[in-house]
Protein chains: 2
Amino acid sequence: MQIYNRHQIAEVVKLDCAALEAVEAGFAALGRAEVEMPPILSMNIAESNGEVDVKTAHIHGWPRFAIKISPGFFDNPSLGLPSLNGLMLLFSAKTGLVDAVLFDEGYLTDIRTALAGAIAAKHLSRTNSQRVAVIGAGVQAELQVAALRLVRDIREVHVYSRDPSKAQAYATRMQDQYALNVKVHDNAASACAQADIVVTTTPAREPVLNWSDLPKGVHVTAMGSDNPHKNELHPTILASADVLVVDRISQSRALGELHHAPALQREVLELGSLISNQQSVRNSDQQITVCDLTGTGVQDTAIANYAARLLEDA
Amino acid sequence: MQIYNRHQIAEVVKLDCAALEAVEAGFAALGRAEVEMPPILSMNIAESNGEVDVKTAHIHGWPRFAIKISPGFFDNPSLGLPSLNGLMLLFSAKTGLVDAVLFDEGYLTDIRTALAGAIAAKHLSRTNSQRVAVIGAGVQAELQVAALRLVRDIREVHVYSRDPSKAQAYATRMQDQYALNVKVHDNAASACAQADIVVTTTPAREPVLNWSDLPKGVHVTAMGSDNPHKNELHPTILASADVLVVDRISQSRALGELHHAPALQREVLELGSLISNQQSVRNSDQQITVCDLTGTGVQDTAIANYAARLLEDA
């Protein structure tokens, strides 16, 4: 059994095309119904403003499956600790023995989450998309844009955050790290006005985007909502979008954007089916496409297998 | 963060009264509704005849919670490996950081499962119980009897197993290890005829005990069933017992004995409530009491906290 720390993992797993292919292969297997993926185990530790989620999936025929444990303790910053944390365990799918423990402290979750956004944009956004609007200014606001550059020629970034100082810090960071020019906006509608792709990356409990904020032809990825209280998109967006995709219908209904639109009656596609069927669902530059990502165990098993292969070869 | 292996853990955690008190405290907290305990996460890996369960619980106010991962891969013996395996991770309930990893390979599960049987017998069996009948001849057939000796003055053991050679090996083992004289029976009814306590420890998919097998005054603990396909007790036993107790009603309904008696209409008590209310439910030597144990996350958090304290002091 091998044990790896965050530093070792981050040395080999990067936000690059190889990692994107690994995660995309996981989604494709899900689309082909070749994945066991039980519902997420979730527990609150109210006395510490904490929660812990456990996700897993097994892709038929793959040598290993991951179990990921993600604690989120939201008073940690007052103790000088990050809120999010966690690790992935890789088990042999033949014997159930532990093969590797990846003490990634949430690094691989950040990566696979950003890559899912890029995969959604690869299959849904206009191929000539260059302008991104980001709502939120945290880690995913950065990584989602970085990942989008793997699939689209991103030239402009527009950001809106409730906290203007965070938006400004984000702009500086993106300039320094990626030489990307970021324009800070004082509302979401303004940030989205010229965008080809919009990504929402917030823990919002009320919609941060309305249908009227969206220009024709845009693709929207909502990656913030991962529990029943969170909600980034006004239900009208789900109802009115030309194409509506989610990572997993059952999860989106339980803890994603679909949870806030229980009466919605329309076609909802799963990202994995799109990939496995090589289905091109955008058929005009005017269509508005929307993808809700809640985060799935199959992404964890895909990125953990990928990471372990690289670590073993390192 | 500390990492401990099975050998280190087995050096300090024994089947003794201190361990029993630790697990009993977990059940009592459950009885007082002071425990978060989400449903078990369960996944099948059909291609390898495998499965994996994840259990967790947090006891309000306790410094750490455990997440236990239990793989069962039932073709492993043909590879020279044990079927059951696993580990427990202990997290700080204040920060969510990993405090300790207990690579116990299922050892702590064996211990806390045996202790739950002893706790059930402590609260339900006649105090003068001396004769135990065991159905099944595996690890729990041994440990359940060993644990019962912590709460009752066990003098006689009767065993029945479908495989007579296993029953004979069991008798030899119990004689060698515990100086207990074991009588081997060729059917369950004969094994139970003189018993004060009956323990079923099988993976049976059809009842191994009928109501007519049970003498007056007996206490029965059924600890084998932990998935919807397993079933040890004929539903008549559940319906006719004077007192019916389970570790967790929701779990017993989903994957224990209650699952096979969906029409049952009667009072069902939880073991934790019995303990926390100091409720004496047996009020005659003639009553037949039954307890179904499916195995709960609170036992895991209780034994893992206990183990970690001993390991840190060792």
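Colleague: What hand does the crossing of α3(A) and α10(A) have, left or right?
Modeller: In this predicted model, α3(A) and α10(A) cross in a right-handed way. A crossing gets that name if the near helix is turned clockwise from the far one.

Colleague: At what angle do the axes of α3(A) and α10(A) cross?
Modeller: At roughly 115 degrees, and the axes come within 10 Å. Here α3 of chain A covers residues 107–124, and α10 of chain A covers residues 297–313.

Colleague: Which residues make the contact of α3(A) with α10(A)?
Modeller: From α3(A) come Leu108(A), Thr109(A), Ile111(A), Arg112(A), Thr113(A), Leu115(A) and Ala116(A). From α10(A) come Gln299(A), Asp300(A), Ile303(A) and Ala307(A). By class, six are nonpolar, three polar and two charged.

Colleague: How do α3(B) and α10(B) cross in chain B?
Modeller: Their axes also come within 10 Å and cross at roughly 115 degrees. The crossing of α3(B) and α10(B) is right-handed. Among the residues in this contact are Arg112(B) of α3(B) and Asp300(B) of α10(B). The contact in chain B divides into six nonpolar, three polar and two charged residues.

Colleague: What makes Glu312(A) and Arg64(A) a salt bridge?
Modeller: The cut-off is 4 Å, from a side-chain nitrogen of Lys or Arg to a carboxyl oxygen of Asp or Glu. Glu312(A) and Arg64(A) meet at 2.8 Å, N to O. That is within 4 Å, so the pair counts as a salt bridge.

Colleague: Why say that the pair links distant parts of the chain?
Modeller: Glu312(A) sits in helix α10 of chain A, and Arg64(A) in strand β5 (residues 64–73) of chain A. The two are 248 residues apart. Over all chains, the structure holds 24 salt bridges.

Colleague: How many salt bridges are there between chain B and chain A?
Modeller: Zero. No pair across this interface meets the 4 Å rule, so none is counted. The interface does have eight residue pairs in polar contact, both residues at pLDDT 80 or more.

Colleague: Which strands of chain B supply the side that touches chain A?
Modeller: β3 (41–45), β4 (50–59), β5 (64–73), β6 (87–92) and β7 (98–103) of chain B each supply at least two residues. By class, that side has 26 nonpolar, 12 polar and three charged residues.

Colleague: How much area is buried between chain B and chain A?
Modeller: About 3100 Å², of which carbon and sulfur atoms give 76%. In residues, 41 of chain B are in contact with 41 of chain A.

Technical notes. Residues numbered from 1 in each chain as written. Chains lettered and ligands numbered in written order. Predicted model: local features only at pLDDT ≥ 70, side-chain atom pairs only at ≥ 80, totals over all residues. Heavy atoms only, no water. Contact = heavy atoms within 4.5 Å. Buried area = accessible area lost by both parts, 1.4 Å probe. Polar contact = N/O pair within 3.5 Å; in protein donor to acceptor, adjacent residues only side chain to side chain. Helix = DSSP H or I, 4+ residues; strand = E, 2+ residues; numbered from the N terminus. Nonpolar A, V, L, I, M, F, W, Y, C, P; charged D, E, K, R; others polar. Axes fitted to C-alpha atoms, helices over the stretch in contact; angles between N-to-C directions.
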